[in-house]
Amino acid sequence: MIPSVTAVILTNRTLTGFVNTWVFEPPVESTQRPSILDSRPVNLGSRRWKRPGQQRHQGIPNAEGTVGSEQIMIMQQDSAKSKTVARPPASVRLGAVSYLNSRPLIQDLSELLPGSSVELDYPSRLADSLADGEMDVALIPSIEYFRRPGYEIISDACVAARGEVMSVKLYCRVHPGKVRRMALDEGSRTSATLSKVILAERYGSFPESEPLSMDSMTTDSAADAVLLIGDRAMHTPQESFVEVMDLGQMWYDWTGLPFVFAMWVAHTSADTTGVASALNEARDRGLANVTDIAKSESAKLGIAETVALNYLTKNLHYRMTAAERSGLQLFHELASRHNLVNQNANLVFSDFVTA
Ligand SMILES: C=C(O[C@@H]1C=C(C(=O)O)C=C[C@H]1O)C(=O)O
């Protein structure tokens, strides 16, 4: 049953609305507040990314039973349910990203959700496992939320950036406007889509793409541009490039909004009672313990401890506020424009407290 709608927090779906509706203070030093309104998008004409055999997405019906993409809604469980003490189901199958960036989100999770399992994997595999029903809750690439109906975001814990992200890079061997072939990290779904959106919107490029396997480096591909995400994108590459684009920075400079790379998602039909509070608690404990995480994980990854600490505390943000939601919604709009995602999808949040 679709729970009752308690608040509609955003009704303006124009780009102007997205940028103007939410105001936040970015932690990144910036002399000029950029805005998508200032940008000069390339005239796309009739050119758009095409997804072969695209199915029209039915979207998630709102409380009135209609489908649309105009609103972000906060959904609430029915009052009888919300009065009961949130006790997690006996066993929940969780999946989280195996990169450094998700460590603060999974602190003490097995203690917080006794009897549950937490599997670590690449983001794209987590998306497939959740879709196939092999997991109940997973930290999936944000774009995957919009590719399937019947999902809800169950926690405001997420992986987001408000400027430079450091671990999502498009290595260009030619000027971005001349990229004809692009190799995409097979672990990625969101950044793969973001690369296409940015190349199309900002540079008028619509390259063909090829997969880059998860154990490959840039030197393993001869493509004009190579996308790497996660831990391996944090290392200095072996070769020099015409341009190395940090996609978090690029997005922020362009839109003035944060970018959400991953979030905790479950099937609306799944029993996730109590899981959201455990996920939020895990995130809070992880952030309180971030110095220790940076120390132990940096040694494993072969990066400096200060780099890891800065990455976890300055580059990344772990809470989905209204600004992150606006960034997410705008990303959905732009990806839809290029047929990279289902067009009619609402953002549905379960009843977690919103920042
Ligand atoms: C910031 C990152 O975010 C990741 C990027 C993802 C993607 O591109 O699909 C998915 C999950 C996130 O963990 C990263 O891995 O470097």
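## Working through the fold

Helix 7 is followed by Gly256, whose phi is positive, near 75 degrees. That is a handy place to start. The model is predicted, so please read every value below as computed from it. The exercises move from helix 7 to the sheet, and then on to other parts of the chain.

### Exercise 1: Helix 7

Work out how many residues of helix 7 are buried, and where the helix lies.

*Solution.*
- Step 1. Find the helix: it spans residues 247–255.
- Step 2. Apply the cut-off: a residue counts as buried if 20 or more other C-beta atoms lie within 10 Å of its own.
- Step 3. List those that pass: Leu247, Gly248, Gln249, Met250, Trp251, Tyr252, Trp254 and Thr255. That makes 8 of the 9 residues, and the helix is mostly covered.
- Step 4. Look at what lies beneath: helix 7 lies across strand 7 and strand 11, and runs at about 70 degrees to strand 11.

### Exercise 2: The open sheet

In what order do the strands of the open 5-stranded sheet stand, and which of them are at the edges?

*Solution.*
- Step 1. Read across the sheet: the order is 9-8-10-7-11, and the pairing is mixed.
- Step 2. Look for strands with a single partner: these are strand 9 (208–212) and strand 11 (243–246), so each has one side without a neighbour in the sheet.
- Step 3. Check the twist: on average, neighbouring strands are turned by 20 degrees against each other, direction ignored.
- Step 4. Zoom in on one pair: strand 8 (residues 181–185) and strand 10 (residues 225–229) run parallel and are joined by 3 bridges. Here Met182 stands opposite Ala225 in strand 10.
- Step 5. Add the helix that packs on this sheet: helix 6 touches strand 7 (168–172), strand 8 and strand 10, and its direction makes about 145 degrees with that of strand 10.

### Exercise 3: The ligand shell

Which residues are closest to the ligand, and which elements give two or more residues to its shell?

*Solution.*
- Step 1. Count the shell: 18 residues surround the ligand.
- Step 2. Pick out the closest: Pro123, Pro141, Ser167, Ser191 and Phe261.
- Step 3. Assign elements: helix 6 (190–203) and strand 12 (259–267) each give two or more residues to the shell. You met helix 6 in Exercise 2, packing on the sheet.
- Step 4. Sort by chemistry: the shell has 10 nonpolar, 7 polar and 1 charged residue.

### Exercise 4: Strand 6

Is strand 6 enclosed or open, and with which strands does it pair?

*Solution.*
- Step 1. Test burial: 11 of its 11 residues are buried, so strand 6 is largely enclosed by the rest of the structure.
- Step 2. Take an example: Ile153 is found in strand 6, and this residue is buried, with 25 other C-beta atoms within 10 Å.
- Step 3. Find a partner strand: strand 12 runs antiparallel to strand 6, with 7 bridges between them. In strand 12, His267 is the bridge partner of Tyr151.
- Step 4. Find another: strand 13 pairs with strand 6 over 3 bridges, in the antiparallel sense. Here Ala160 has His317 as its bridge partner.

### Exercise 5: The buried face of helix 10

Which residues of helix 10 are buried, and why can they be said to line one face?

*Solution.*
- Step 1. Identify them in residues 305–315: Ala308, Tyr311, Leu312 and Asn315.
- Step 2. Look down the axis: these buried residues fall within an arc of 120 degrees, so they line one face of the helix.
- Step 3. Recall the geometry: an α-helix has 3.6 residues a turn, so residues three or four places apart point the same way.
- Step 4. See what covers them: this includes strand 6 (151–161), helix 9 (290–301) and strand 13 (316–319).

### Exercise 6: Two positive phi angles

Where do Asp108 and Asn339 lie, and are they buried, partly exposed or exposed?

*Solution.*
- Step 1. Keep the background in mind: most residues other than glycine have a negative phi.
- Step 2. Take Asp108: its phi is positive, near 60 degrees. Asp108 lies in the loop between strand 3 (93–97) and helix 3 (109–112), and is partly exposed, with 13 other C-beta atoms within 10 Å.
- Step 3. Take Asn339: its phi is positive too, near 55 degrees. Asn339 lies in the loop between helix 11 (322–337) and strand 14 (347–349), and is partly exposed, with 14 other C-beta atoms within 10 Å.

Conventions. Residues numbered from 1 in each chain as written. Predicted model: local features only at pLDDT ≥ 70, side-chain atom pairs only at ≥ 80, totals over all residues. Near = placed C-beta within 6 Å. Helix = DSSP H or I, 4+ residues; strand = E, 2+ residues; numbered from the N terminus. Nonpolar A, V, L, I, M, F, W, Y, C, P; charged D, E, K, R; others polar. Buried ≥ 20, exposed ≤ 12 C-beta atoms within 10 Å, placed from the backbone. Arc of directions from axis to C-beta. Contact = placed C-beta atoms within 7 Å. Pairing = 2+ DSSP bridges. Axes fitted to C-alpha atoms, helices over the stretch in contact; angles between N-to-C directions.
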